[in-house]
Amino acid sequence: MDERRGRLKALGELLRRLRREAGLTGKDLAVRAQVAQPTISRIETGQLLPTPETVERLVGALGLDGAGRAELDALLLRLREEVSQLKGGLAGQEAANAARLRTGRQLACFQAAVIPALLQTAEYARLALAVGRDVEERDVAKAAAVRVEAQAVLFDGGHEFSFVLTEGAVRTWPGSPSLMLAQLDRLAQVSTLSHVRLGVVPWSVQVPAFPLHGFTIYDGAVSVVESLTGDLTLTGHSELAVHVRAFEAFAGVAVYEDELRELLRTIANDYRELVKRLEK
């Protein structure tokens, strides 16, 4: 609790500094962002965690560059994760992730062992949230529902999405191999969306780097690494640069569109054969 209060205070001090650097009074910022002045005051005094919509208005009004936005996002992400965990466990965490997706514009995701949350079927999502974790089934069901509902953002033309997976991620199955047939269909369907670029690095291609972990880059300002114990949020320029280079390197050797869908059909046939063998 004390740590969260400290972060709220740090958020307020950051907003106050950014406002002053922009040469604005609290009233000026309120008018420019179309946010009530008492709201600005409560945020700056560490009494209020702003909604994602309010943050977007403040960012626009302050004219923040990439560095300023990254500094603000780093604090906000940690605060929202803490609050959501207190309010709703796994489902709360998924709601915080959904808010992050709604307020962003560009997403680049690389995964070597798991299908990205935005591309998961409902059953895959349920298993991804439950396998290997000590969690209640009811919480998992709620979290999976929130995760799937958040996927509506994929059909918003105001966003741009880039996904790169290794073939290993597509061939790693939770639960049973049969559920992957629906998951492969889902990937093929998403790959046809005009503002979504989906690629898979086939096993027959030499990788440009060791895929030690997956990551998701939001608006080029924040990279989130999902670990077994929680998300790691990176905002340092050098860290982001490494992740951007890694993403571009894997993207450069991936297959897309018709070649991707042909690869998915080949993998689907392998899953069908595996199902037959397991049923004997």
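Start with two helices in this predicted model: α6, covering residues 122-130, and α9, covering residues 179-190. Two packed helices are described by the angle between their axes and the distance between the axes. Here the axes come within 9 Å and cross at roughly 115°. That angle makes α6 roughly perpendicular to α9. Which residues do the touching? On the α6 side they are Glu123, Tyr124 and Leu127, and on the α9 side they are Leu179, Met180 and Gln183. Sorted by class, this contact has 4 nonpolar residues, 1 polar and 1 charged.

Stay with α6 for a moment. Its buried residues are Tyr124, Ala125, Leu127, Leu129 and Ala130. Two of those names should ring a bell: Tyr124 and Leu127 also take part in the contact with α9. Once α6 ends, look for Gly132, which follows the helix and has a positive phi, near 80°.

There's another link from α6, this time through charge. Arg126 forms a salt bridge with Glu137, and their closest N and O atoms are 3.6 Å apart. Glu137 belongs to helix α7 (residues 137-150) while Arg126 sits in α6, so this pair ties together parts that are 11 residues apart in sequence. How covered are the two partners? Glu137 counts as partly exposed at 46% relative accessibility, and Arg126 is also partly exposed, at 26%.

Now for the sheet. Strands of a sheet pair through backbone hydrogen bonds, either parallel or antiparallel. This one is an open sheet of 7 strands with mixed pairing, and you can walk across it in the order β6-β5-β4-β1-β2-β3-β7. At the edges stand β6 (230-234) and β7 (255-256); each has a single partner strand, so one side of each is left without a neighbour in the sheet.

Let's follow part of that walk. Strand β1 (residues 106-111) runs parallel to strand β2 (residues 160-166), and 6 bridges join them. To see one spot where they line up, find Leu107, which stands opposite Phe161 in β2. Next, β2 runs parallel to β3, again with 6 bridges, and here Leu165 has Val200 of β3 as its bridge partner. The direction then flips: β3 and β7 pair in the antiparallel sense, over 2 bridges. Val200 turns up here too, standing opposite Val255 in β7. As for cover, strand β3 (residues 196-201) has 5 of its 6 residues buried.

Two residues give you a feel for the surroundings of these strands. Take Gln111 in β1. Is Gln111 buried or exposed? With 12% relative accessibility, Gln111 counts as buried, because the cut-off for buried is under 20%. Apart from residues up to four places away in sequence, Gln111 touches Pro116, Val164, Leu165, Thr166, Ala169, Gly214 and Phe215.

The second is Ile217, found in strand β4 (residues 215-218). Ile217 is buried as well, at 6% relative accessibility. Setting aside its neighbours within four places in sequence, Ile217 is in contact with Gln106, Leu107, Ala108, Val222, Ser223, His243 and Val244. You've already met Leu107, the residue opposite Phe161. For a sense of distance, Ile217 and Thr235 are 18 residues apart in sequence, and their C-alpha atoms are 9.8 Å apart in space.

Back to salt bridges to finish. How many does the structure hold? There are 11 of them. One is between the side chains of Glu44 and Arg16, at 3.9 Å from N to O. This pair links distant parts of the chain, 28 residues apart: Glu44 is in helix α3 (residues 37-44) and Arg16 in helix α1 (residues 2-21). Glu44 counts as buried at 8% relative accessibility, whereas Arg16 is partly exposed at 22%. Arg19 joins in too, since Arg16, Arg19 and Glu44 are linked in a network of salt bridges.

Finally, look at Asp258 and Arg261, another salt-bridged pair, with closest N and O atoms 3.0 Å apart. They're 3 residues apart in helix α11 (residues 257-279), so about one helical turn separates them. Asp258 is exposed, with a relative accessible area of 60%.

Conventions
Residues are numbered from 1 along each chain as its sequence is written. This is a predicted model: local features need pLDDT of at least 70, side-chain atom pairs count only at pLDDT 80 or more; totals for chains, interfaces and linings use all residues. Side-chain values use heavy atoms; hydrogens and water are left out. Axes are lines fitted to C-alpha atoms, for helices over the stretch in contact, and angles run from 0 to 180 degrees between N-to-C directions. Helices (H or I, at least four residues) and strands (E, at least two) are DSSP runs, numbered from the N terminus. Angles under 35 degrees count as roughly parallel, over 145 as roughly antiparallel, 65 to 115 as roughly perpendicular and the rest as oblique. Contact means heavy atoms within 4.5 Å. Ala, Val, Leu, Ile, Met, Phe, Trp, Tyr, Cys and Pro count as nonpolar, Asp, Glu, Lys and Arg as charged, and the others, Gly among them, as polar. Buried means under 20% relative accessible area, exposed over 50%, partly exposed in between (1.4 Å probe, protein chains only). Two strands pair if DSSP finds at least two bridges between them. A salt bridge is a side-chain nitrogen of Lys or Arg within 4 Å of a carboxyl oxygen of Asp or Glu.
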